[in-house]
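Trainee: May I ask for a close look at a single part of this model, followed by an account of some of its surroundings?

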Number of protein chains: 2
Amino acid sequence: MTDRSMLRVLNGERVDPPPVWIMRQAGRYLPEYRQLRAQAKDFMSFCYSPALATEAVLQPLRRFDLDAAILFSDILVIPDALGHKVWFVEGEGPRLEPLLDQATWSIGAADHVVTRLAPVYETVQRIRAALPDQITLIGFAGGPWTVATYMIQGEGGEKDRCRRAAYERPADVDSLLSVLVEATAQHLAAQVAAGADCLQIFESWSEGLPEPLFERVILNPTRALVDRLRALGVTVPVIGFPRGAGALLGRYARETGVNALGVDTQTPAAFARAQAPDGMPLQGNLDPQLLICGGPALEAGARHVIESFRGSPHIFNLGHGITPQTPPEHLAALVNVIKGR
Amino acid sequence: MTDRSMLRVLNGERVDPPPVWIMRQAGRYLPEYRQLRAQAKDFMSFCYSPALATEAVLQPLRRFDLDAAILFSDILVIPDALGHKVWFVEGEGPRLEPLLDQATWSIGAADHVVTRLAPVYETVQRIRAALPDQITLIGFAGGPWTVATYMIQGEGGEKDRCRRAAYERPADVDSLLSVLVEATAQHLAAQVAAGADCLQIFESWSEGLPEPLFERVILNPTRALVDRLRALGVTVPVIGFPRGAGALLGRYARETGVNALGVDTQTPAAFARAQAPDGMPLQGNLDPQLLICGGPALEAGARHVIESFRGSPHIFNLGHGITPQTPPEHLAALVNVIKGR
């Protein structure tokens with residue numbers, strides 16, 4: 001029986017078996033999600049519909065014994081609210097008007113972000129009202145650099161051009177990051193005010209940066225974001241997930257002020273533990289491909305994750321999001337392994 | 001004046017200024033290369049022409065004061081020699097018949113690889129004969145896992161399906177890796193017999209692997225490869241470059257038997273030094289994007305690299321290959337900064 005075990009872990013307690021949630025647990029691998037998704041004309045409309053987004057969040061909880069729910073939204077609601085139009089190309093991903101193509105960068109101001117994102121906070125309220133008290137509700141946003149990369153190059157994929165922009169247009173990039181820090185802090189604070197129990201910052205594009213640039217575009221803005229959150233009176237735990245940070249994971253854990261650390265697939269638990277401040281809660285890190293495989297490989301992988309994180313307060317998760325081709329019954333089997341059933 | 005300074009560094013000496021070569025220094029960013037390339041009907045024919053490949057190797061040395069030359073070839077000559085047809089789609093990259101699409105994996109045997117790759121060794125001989133003695137000649141091959149990923153999925157890109165194959169078809173994948181270890185050892189030994197002064201193993205797809213899989217597909221095959229090379233009587237230094245290994249770089253440095261370590265863009269020199277055996281020569285790691293930018297950003301980046309590697313025997317290089325859009329004059333400027341001119 002879960003009893004807000006995820007929050008206990010985030011407060012530094014080791015809980016056995018570890019609480020579990022799964023990145024993208026509400027999503028395309030569930031047939032009921034695909035059906036629901038068809039009710040909105042596009043993905044952003046879906047994100048902005050409190051009724052549809054709330055239902056998406058509740059779907060996986062009906063199937064699986066998970067310890068947390070996460071808001072259904074997208075990291076690109078921030079640029080969208082800043083007036084930087086976002087759309088999704090089916091089967092490919094998000095598109096924005098790339099700043100790179102524009103001589104002068106018009107970024108927008110953080111002032112009206114929370115007004116424009118009111119439907120997101122209504123979603124948070126609805127989810128919290130529908131959830132049993134023992135299920136932790138996670139609010140989230142993208143890390144400033146990750147969101148900036150989409151705005152700069154207009155889509156996902158190789159981040160080479162963004163790195164070059166950071167070198168060649170330092171003032172523009174730094175000012176974009178400042179606006180994103182303020183907008184993201186307000187957005188996260190509003191989620192907490194609406195009922196989120198903790199927060200996660202997805203810094204999905206932490207990889208490939210030389211250390212001086214990592215300091216400038218990841219460490220400094222993230223520290224500014226966490227500081228600003230605290231200044232706004234937010235006291236809930238913040239999980240930082242700098243995917244692909246590699247050797248620089250320790251600096252992220254020690255220098256940004258996050259309370260807990262998401263660990264990606266390739267980073268050993270022992271490394272994260274050694275690099276992070278003593279006793280920092282860790283979250284991760286099963287290979288999502290194992291969840292597609294299922295069977296003995298999945299079970300062995302899950303047991304390896306549980307064992308390897310035994311020295312830290314641990315929240316079980318994948319090292320990256322669950323993929324659309326995952327059979328839902330594999331997730332059910334995984335939860336059984338974790339919960340020792 | 002260079003005096004085989006790269007080999008001195010590979011033997012553990014610190015040389016100041018550091019010797020320098022650039023990954024893909026013979027390549028598309030040079031107009032004379034593009035002209036030369038047009039003389040062959042396809043990329044593999046170009047690789048198999050000793051006259052053209054030798055000329056490609058010599059081109060950058062006429063322009064820049066570099067301390068090493070590297071054989072012009074491709075990591076996919078190994079599958080090609082194993083009978084696994086390889087072709088290149090212009091502007092996209094290599095293609096092979098993916099093993100994933102085949103019920104039974106027919107891999108070929110390592111026996112005839114060096115016979116089939118005779119033109120490559122003739123190229124090595126020609127380059128060595130044409131090079132001044134003080135320029136080090138580097139032979140190379142892909143790491144077994146990196147080459148395997150191309151064979152398994154038939155192209156570059158996301159390696160998710162390869163990871164899944166490693167989980168779901170462990171016997172097939174391990175046997176593929178064994179064949180690649182033997183073929184690669186023979187291929188590298190033949191390059192040394194033809195005149196290569198040292199070797200580099202490009203393990204370009206080291207990223208994203210959970211530690212147990214990294215052990216199985218990277219550490220064990222690489223150690224087997226280095227052991228086999230030594231058993232074949234090869235005594236020259238071997239540089240291992242596990243790009244994207246992140247937190248697992250130290251295990252690669254300590255457990256595979258390589259003599260020197262290539263460091264990718266995102267990995268700080270201090271981290272590599274702390275993780276590697278004492279005094280191990282390190283090679284790297286300027287961001288290739290800085291070489292596109294040029295100017296003060298390039299100079300500051302180069303100085304940061306030189307300073308940060310000062311505690312180790314150091315070979316200056318990029319953290320990844322030079323890109324086609326790099327202006328050649330930026331490379332000339334970089335060499336001047338390194339050589340203190």
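Trainee: Is Q25(B) buried or exposed, and how many other C-beta atoms lie within 10 Å?

Mentor: Q25(B) is buried, because 27 other C-beta atoms lie within 10 Å (20 or more count as buried, 12 or fewer as exposed, and anything in between as partly exposed, with C-beta atoms placed from the backbone). This is a predicted model, in which local features need pLDDT of at least 70 and side-chain atom pairs pLDDT 80 or more, while totals for chains, interfaces and linings use all residues. Residues are numbered from 1 along each chain as its sequence is written, and chains are lettered from A and ligands numbered from 1 in the order of writing.

Q25(B) belongs to the loop of chain B between α1 (5-10) and α2 (31-37) (helices are DSSP runs of H or I with at least four residues, numbered from the N terminus). Beyond its neighbours within four places in sequence, Q25(B) is in contact with P60(B), L66(B), I70(B) and I322(B) (contact requires C-beta atoms, placed from the backbone, within 7 Å). A56(B) is 31 residues from Q25(B) in sequence, and their C-alpha atoms are 9.4 Å apart.

Elsewhere in chain B, the axes of α8 (residues 144-153) and α9 (residues 160-168) come within 9 Å and cross at roughly 95° (axes are fitted to C-alpha atoms over the stretch in contact, and angles between N-to-C directions run from 0 to 180 degrees). α8(B) and α9(B) are therefore roughly perpendicular (65 to 115 degrees; under 35 is roughly parallel, over 145 roughly antiparallel, and the rest oblique). T149(B), I152(B) and Q153(B) of α8(B) meet R161(B), C162(B) and A165(B) of α9(B). In this contact, three residues are nonpolar, two polar and one charged (Ala, Val, Leu, Ile, Met, Phe, Trp, Tyr, Cys and Pro are nonpolar, Asp, Glu, Lys and Arg charged, and the others, including Gly, polar).

Between the chains, 27 residues of chain A are in contact with 27 residues of chain B. On the side of chain A that touches chain B, α9, α11, α14 and α15 of chain A each give two or more residues. Of these, α9(A) gives the most, with five residues. That side of chain A has 13 nonpolar, seven polar and seven charged residues.

Finally, I78(A) touches residues including V113(A), A141(A), V147(A) and L180(A), leaving out those up to four places away in sequence.

How values were computed
Two residues are in contact if their C-beta atoms, placed from the backbone, lie within 7 Å.
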